[in-house]
Amino acid sequence: MKLYAVNEIFYSLQGEGIRAGTANIFVRFAGCNLKCSKDDPESGFDCDTEFNSFEKITAKMLVEKATSMSFCRNVIFTGGEPGAQLDAELIAEFRKQGKYHLAIETNGTFALPDGLDWITVSPKSAMHTLRQKRANEVKLVRHAGQMPISGIQQIVEADYYLLSPAFNADGSIDQDALRHCIELVKTNPTWRLSVQQHKYWRVR
């Protein structure tokens, strides 16, 4: 029987992207296949999420925990890197419980199983490492001066392409990064600006 390494399950608001402001049950998987650093020109930021601690649970137990948190029918799989664990079995277990909107936030280095309703690809490695070729939205976090954004549209087909300015360690937005992203959007109008609003709202 497969066990999933889960860091936490919590209920909050989606703070970024096209679905910002919606209530969701977040399932945070432990572990990631990448090591992100702001000194790396590909990733461009230090990961601020603790996902090394976890408990191992079955698909049925995971779904029971998630669905008991709220009557909300929106679920977001995040991490860590959820693509390393999410599979058809877990998706099917959620489907048994009724009509849930299943979304994922992934770095794109794993090809995802069928059955998801919303896919957010946020690349944090070289473009040639991406395996998920279709998404609802692509989100790139950018520091001041960090480039490029061209090329991703030829690799991942998406409905929306978003640029998100980096935040400082104290939770404040990096003003130089914000200005940089604004200029990038103005020169690349198929993209749009997306700010991590949950950091303003003080919710996780």
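**Figure 1. Leu90 is a buried residue of helix H2 in this predicted model.** Its relative accessibility is 0%. Buried means under 20%, so Leu90 counts as buried. Which residues does Leu90 touch, leaving out those up to four places away in sequence? They are Tyr4, Phe29, Ala59, Leu62, Val63 and Phe77. Lys2 can also be marked in this view: Leu90 and Lys2 are 88 residues apart along the chain. Their C-alpha atoms are separated by 9.8 Å.

**Figure 2. Asp87 sits in the loop between strand S4 and helix H2.** The strand covers residues 74-78, and the helix covers 88-96. Is Asp87 buried or exposed? Asp87 has a relative accessible area of 17%. The cut-off for buried is under 20%, so Asp87 is buried. The side chain of Asp87 reaches the backbone nitrogen of Leu90 at 3.0 Å. Leu90 itself belongs to helix H2. Not counting residues up to four places away in sequence, Asp87 touches Lys2, Tyr4 and Pro113. Gly80 is also found in the loop between S4 and H2. The peptide bond from Gly79 to Gly80 is cis. Its omega is near 20 degrees.

**Figure 3. Helix H1 has four buried residues to follow: Ala59, Leu62, Val63 and Ala66.** They cover an arc of only 95 degrees around the axis, which puts them on the same side of H1. An α-helix has 3.6 residues a turn, so residues three or four places apart point the same way. What do the buried residues of H1 pack against? The partners are S1, S2, S3 and H2. The link to H2 can be traced through Leu90, which touches residues including Ala59, Leu62 and Val63. H1 itself runs over residues 59-67.

**Figure 4. Strand S1 pairs with strands S2 and S3.** S1 covers residues 4-13. Seven of its 10 residues are buried, so S1 is largely enclosed by the rest of the structure. How many bridges join S1 to S2? There are seven, and the two strands run antiparallel. S2 spans residues 23-29. Leu13 has Ala23 as its bridge partner in S2. S1 also pairs with S3, residues 55-57, in the antiparallel sense. That pairing has three bridges. Here the partner of Val6 is Glu55 in S3.

**Figure 5. Helix H4 places its buried residues on the same side.** H4 runs over residues 175-187. At 1.5 Å a residue, its 13 residues should span 18 Å; the end C-alpha atoms are 19 Å apart, which agrees. Which residues of H4 are buried? They are Ala177, Leu178, His180, Cys181, Leu184 and Val185. These cover an arc of only 165 degrees around the axis, which puts them on the same side of H4. They pack against strands S7 (134-142), S8 (157-165) and S9 (191-193). The face turned away from the buried side carries the exposed residues Lys186 and Thr187. At the start of H4, look for Asp174. One of its side-chain oxygens reaches to within 3.0 Å of the backbone nitrogen of Asp176.

**Figure 6. Gln196 lies in the loop between strand S9 and helix H5.** H5 covers residues 198-201. The relative accessible area of Gln196 is 11%. That falls under 20%, so Gln196 is buried. Its side chain joins that of Glu16 in a polar contact of 3.5 Å. Where else does Gln196 make contact, leaving aside neighbours within four places in sequence? Besides Glu16, Gln196 is in contact with Gly15, Ser164 and Phe167.

**Figure 7. The whole protein sets the close-ups in context.** There are five helices and nine strands. Along the sequence they follow the pattern β-β-β-α-β-α-β-β-β-α-β-α-β-α. Of the 204 residues, 50% are buried. Among contacts with a separation of 6 or more, 58% come from residues 24 or more positions apart. The protein exposes about 10,100 Å². Carbon and sulfur atoms supply 52% of that area.

Notes
Residues numbered from 1 in each chain as written. Predicted model: local features only at pLDDT ≥ 70, side-chain atom pairs only at ≥ 80, totals over all residues. Heavy atoms only, no water. Buried < 20%, exposed > 50% of the residue type's maximum accessible area, 1.4 Å probe, protein only. Contact = heavy atoms within 4.5 Å. Areas by Shrake-Rupley, 256 points an atom, 1.4 Å probe, with all protein chains shown as cover. Expected span 1.5 Å × (residues − 1). Arc of directions from axis to C-beta. Polar contact = N/O pair within 3.5 Å; in protein donor to acceptor, adjacent residues only side chain to side chain. Pairing = 2+ DSSP bridges.
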